[in-house]
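Here's a friendly walk through a model you may not have met before. Have a look at it first, and then we'll go through its parts together.

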Amino acid sequence: MNRINRNDVTEIACGISFDFSFTLLDKWGEIADSILYNNSYFSPQYFPKTNAYYTTERRLFNEELGHEFRLSANNMIYSHIIQKSFEKEFKEFSNRIINHLVPNIFEKFRLSTARIGIVYTCQVTDSSIKEFRSKYFKDEFSSITDFRFAKKEPTKEGLSKTNNSDYINKIYTSIPKDDSDNLISFDYQRHYNPHKGSISEKIINEVFEQSKTALDTEILSLGKHYE
């Protein structure tokens, strides 16, 4: 069996939770304009549609390709469907967040960040799912097809600094499909306690790099025993 690699990643998403900003959605028109126009990161072609009615969430999306941007009073989620190359599109994805979304939303509106999460959705074979189950479940649960569980671990800051309870949460979810290989969702979350009043390029880059390392170690290593 071939080892799973980064080209088996079908979707990447970034979710950033922040303290409630009750005026943020009132600025939606300004925020949407900053995303859609006059920048080198997004365009009306990338997000050709917006939600037709306002609820507690605002949304830009690409119905054909699957890309989506969602914003509420305490959460932002940006997801991108891989079209060709994971490495190239991951770099573009991270640049859009670091160089455009963070300065134009989080810095501009002085949002205090509670959590940054990077989610990878990977296409995996039945053999890989079997190996994954054997790693985490006892033999009597070897036939499980649906699962969702989390692992929590402290950060260096959470262990070494006074009045700091930062931690990392990793969430694993299976997504069985009848018509193709299975999917596994790997959600790498960095939680900040106390919350971050500002998220710098260094902080975002650190989360991206750590999430990719964890992806390689805990998901993409599946199948190595079959090589």
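## A first stop: Lys108

Lys108 is partly exposed, because its relative accessible area is 46%, and buried here means under 20%, exposed over 50% and partly exposed in between, using a 1.4 Å probe and protein chains only. Before going on, note that this is a predicted model, in which local features need pLDDT of at least 70 and side-chain atom pairs count only at pLDDT 80 or more, while totals for chains, interfaces and linings use all residues. Residues are numbered from 1 along each chain as its sequence is written, and side-chain values use heavy atoms, with hydrogens and water left out.

Lys108 belongs to the loop between helix 2 and strand 6. Helices (H or I, at least four residues) and strands (E, at least two) are DSSP runs, numbered from the N terminus. Leaving aside residues up to four places away in sequence, Lys108 touches Glu30 and Pro103, where contact means heavy atoms within 4.5 Å. Its C-alpha atom is 14 Å from that of Ala32, and the two residues are 76 apart along the chain.

## Helix 1 and helix 2

Ala32 is one of the buried residues of helix 1, along with Trp28, Ile31, Ser34, Ile35 and Leu36. What do they pack against? The buried residues of helix 1 meet strand 2, strand 3 (57-61), strand 4 (68-72) and helix 2. Just after helix 1 comes Asn38, with a positive phi of about 60°.

Over in helix 2 sits Glu89. Is Glu89 buried or exposed? With a relative accessible area of 8%, Glu89 is buried. Its contacts, not counting residues up to four places away in sequence, are Ile12, His80, Ile81, Ile82, Gln83 and Lys84.

## The core

The largest nonpolar core has 55 residues, and Phe69 and Tyr120 touch the most other members. Helix 2 (residues 86-107) gives the most to this core, with nine residues. The term covers buried Ala, Val, Leu, Ile, Met, Phe, Trp, Tyr and Cys residues joined through side-chain atoms within 4.5 Å. As background, nonpolar side chains tend to be buried together in soluble globular proteins.

Tyr120 has a long list of contacts beyond four places in sequence, including Val9, Ile12, Phe86, Phe90, Ile184, Phe208 and Leu215.

## Rings that meet

The whole structure holds 18 aromatic pairs. Rings of Phe, Tyr and Trp (its six-membered ring) pair if their centres lie within 6.5 Å; planes under 30 degrees apart count as stacked, over 60 as edge-to-face and the rest as tilted. Here are two of the pairs.

| Pair | Centre to centre | Angle between planes | Type |
|---|---|---|---|
| Phe42 and Tyr78 | 5.6 Å | 75° | edge-to-face |
| Tyr78 and Phe93 | 4.7 Å | 25° | stacked |

Phe42 lies in the loop between helix 1 (28-36) and strand 2 (49-50), and Tyr78 in strand 5 (residues 75-81), so their pair ties together parts that are 36 residues apart in sequence. The pair of Tyr78 and Phe93 links strand 5 to helix 2, and these two residues are 15 apart. Phe42 and Tyr78 are both buried, and so is Phe93. Ring pairs also join these residues into a cluster whose members include Tyr46, Phe47, Phe86, Phe90, Tyr120 and Phe208.

Charges get in on it too: the charged end of Arg59 sits over the ring of Phe61, 3.8 Å from its centre, and Lys152 lies over the face of Tyr167, 4.2 Å from the ring centre. To count, NZ of Lys or CZ of Arg must be within 6 Å of the ring centre and within 35 degrees of the ring normal.

## Strand 6 and its neighbours

In strand 6 (residues 113-124), 10 of the 12 residues are buried, so this strand is largely enclosed by the rest of the structure. Strand 1 (residues 9-18) runs antiparallel to strand 6, joined by nine bridges, with Glu11 opposite Thr121. Strand 9 (residues 182-196) also pairs with strand 6 in the antiparallel sense, over 11 bridges, and there Thr113 has Lys196 as its bridge partner. Strands pair if DSSP finds at least two bridges between them.

## Two cysteines, no bond

How many disulfides does the structure hold? Zero, where a disulfide is a pair of cysteine sulfur atoms within 2.5 Å. The sulfur of Cys122 is 16 Å from the closest cysteine sulfur, in Cys14, which is too far for a bond. Cys14 counts as buried at 1% relative accessibility, and Cys122 counts as buried at 0%.
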